[in-house]
Amino acid sequence: MTFLPVANILHHKLRSVLSAFGIAVGICMLVVLSGLSRGSLSEVADRWESVDADLIAVPRGYDEADNDNLITLSGLGVPDSYAAYLLREHGDLVRRACPVFLYKLNLGGQGHMSSGIDAGDWDVVAGGKKLVAGRLPDADGRFARWFDENLKQSKRTGPDDEDEEDIPPERQLVDIAANGGFEMVIDQRLARVTKLRVGDDVTIGQHTWRVVGIAPEGVVSRIFVPRRTAQHVFGHSTLRSTIQFIQLQPGVDPQAARTELTNDYAGLILVTDYRRKLEKQFEVMFKYVSVVNVISLAIAFLFIMNTLYTMVLQRTREIAILRSCGASGAFIVRQVLAESLLLTLLGVAIGLAITWPAKWGIEHAAPLLTVTIGWPYIAAGVGAAVLGAMISAFYPAYRATRVDMVEALTLE
């Protein structure tokens, strides 16, 4: 019989609504916080996995299995000549090798890992995606050719070149700007946040960049600049990039190629390893979110327990009458559990209903964050709610079965 729990809930409307909202807040926090932490990281991992490459060449040491610092890697790393070395010595395995210079730039009130690339490598770096507006930085390679002819002070040939640097004079930054070196492509999401369009100028640090193109969402970086400019301005050397995306020949197994190509010049990791390293790097954050969720749900269910216990104390006479009419202890327990479950399900419904407005609010306030509301998070929330309802109702239900009928019926 469910009409008794329903009648009791309707008889105490305010108390029931407050209890349900306590559950709703806990459910909403669980789903939204999990979706925010996992969603934002998954969005970054998805962008890295979108590149049309199989391996990433990184500085030695960053390829170790327990090294999760790849995601913070920036600046100088792998010799540019390593790309030519791979193609020359391992052309049967390697189809393309694309140097990329990574560096953090602040735009739109947030830091972004920008990519310094050569326009000819765009198809690999962007996974075949086309620009939605404008053109690539240094699209025809004119600036790169000018830079190499006029500013590069030394030539190297082998992949084992070490730390000697070529540093052009600072006054030549003016020449770089005049020859189109300070051009930039941003993705659609960043363009919406910053309200930048093709042809706009934007000042980052001490340099003014011209936005020449808009990339689609889902590419590996939100900002792309000419690699030579990034190397010179941020790395002070035109001999090294941060990483290299390596595209293998068709049919080559990435794991086997990684083993065969491993040498002292650079480390190699699978592109698909980036997600694992990213999750490992933020493992502490996931634990923190889980603890916050557990605490919020525990508080909500303690509130339910207190509500049910108070109900048992207030309804001692009614429970005694039910017992005197032949109601068993199991019947009384079922009524208390049913009331707890109904309140919880009402709270779950309210919590899920406010989850999507909460997602919209977060992404509206911070447009570069991603909140993913997935069925696993919803299932976890509902499961935790039902389990919590049963646990929180256990003691009040037990207390209801211990009511002394004589004392309760003679109580004035």
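Cysteine 28 is buried in this predicted model, its relative accessibility amounting to 11%. Cysteine 98 is likewise classed as buried, with a relative accessible area of 0%. No disulfides were found when the whole structure was searched.

The protein chain comprises 412 residues, of which 48% are buried, and its secondary structure consists of 15 helices and 12 strands. The area that the chain exposes comes to about 19,700 Å², with carbon and sulfur atoms supplying 58% of this value. When contacts between residues at least 6 apart in sequence are considered, 82% of them join residues that are at least 24 apart.

The structure contains 17 salt bridges. In one of these, the side chain of glutamate 43 meets that of arginine 222, with an N to O distance of 3.2 Å. Glutamate 43 belongs to helix 2 (residues 13–49), whereas arginine 222 is located in the loop between strand 8 (207–215) and strand 9 (223–226), so the pair ties together parts of the chain that are 179 residues apart in sequence. Glutamate 43 and arginine 222 are both buried. These two residues also take part in a network of salt bridges, in which Glu43, Arg47, Asp187, Arg189 and Arg222 are linked.

A further salt bridge is formed between the side chains of arginine 228 and aspartate 80, at 3.8 Å from N to O. Because arginine 228 lies in helix 8 (residues 227–235) and aspartate 80 in the loop between strand 2 (78–79) and helix 3, this pair ties together parts that are 148 residues apart in sequence. Arginine 228 counts as buried, at 9% relative accessibility, and aspartate 80 counts as buried as well, at 14%.

Glutamate 217 and arginine 192 form another salt bridge, in which the closest N and O atoms are 2.6 Å apart. Here the loop between strand 8 and strand 9 contributes glutamate 217 and helix 7 (residues 188–194) contributes arginine 192, so the parts tied together are 25 residues apart in sequence. Glutamate 217 is partly exposed, its relative accessible area being 35%.

Attention may next be given to helix 9, which spans residues 254–261 and in which Ala257, Arg258 and Leu261 are buried. These buried residues lie on the same side of helix 9, because they cover an arc of only 105 degrees around the axis. Thr259 and Glu260, by contrast, are exposed on the other side of the helix. The packing partners of the buried residues of helix 9 include three strands that are separate in sequence, namely strand 1 (55–58), strand 3 (94–107) and strand 11 (243–248), together with strand 12 (267–270), and they also include helix 3 (81–89) and helix 10 (273–281).In helix 10, the buried residues are Asp273, Tyr274, Lys277 and Leu278. Viewed down the axis of helix 10, these residues fall within an arc of 135 degrees, so they line one face of the helix. They pack against helix 2, helix 9 and strand 12. Helix 9 and strand 12 thus appear among the packing partners of helix 10, and strand 12 and helix 10 appear among those of helix 9.

Strand 3, against which the buried residues of helix 9 pack, contains arginine 95. This arginine is partly exposed, with a relative accessibility of 48%. Leaving aside neighbours within four places in sequence, arginine 95 is in contact with Leu87, Gln247, Leu248, Gln249 and Pro250. Arginine 95 and alanine 53 are separated by 42 residues in sequence, and the distance between their C-alpha atoms is 9.6 Å.

On the surface, a nonpolar patch is formed by Val6, Leu10 and Leu342, which together account for about 230 Å² of accessible area. Valine 6, one of the members of this patch, lies in helix 1 (residues 3–11). The relative accessible area of valine 6 is 36%, and this residue is therefore classed as partly exposed.

Key
Residues are numbered from 1 along each chain as its sequence is written. This is a predicted model: local features need pLDDT of at least 70, side-chain atom pairs count only at pLDDT 80 or more; totals for chains, interfaces and linings use all residues. Side-chain values use heavy atoms; hydrogens and water are left out. Buried means under 20% relative accessible area, exposed over 50%, partly exposed in between (1.4 Å probe, protein chains only). Helices (H or I, at least four residues) and strands (E, at least two) are DSSP runs, numbered from the N terminus. The arc is that of the directions from the helix axis to the C-beta atoms. Contact means heavy atoms within 4.5 Å. Patches are made of residues with over 30% relative accessible area and no salt bridge: like charges are joined within 9 Å, nonpolar side chains (Val, Leu, Ile, Met, Phe, Trp, Tyr) within 5 Å. Accessible areas come from the Shrake-Rupley method with a 1.4 Å probe; for residues, only the protein chains shown count as cover. A salt bridge is a side-chain nitrogen of Lys or Arg within 4 Å of a carboxyl oxygen of Asp or Glu. A disulfide is a pair of cysteine sulfur atoms within 2.5 Å.
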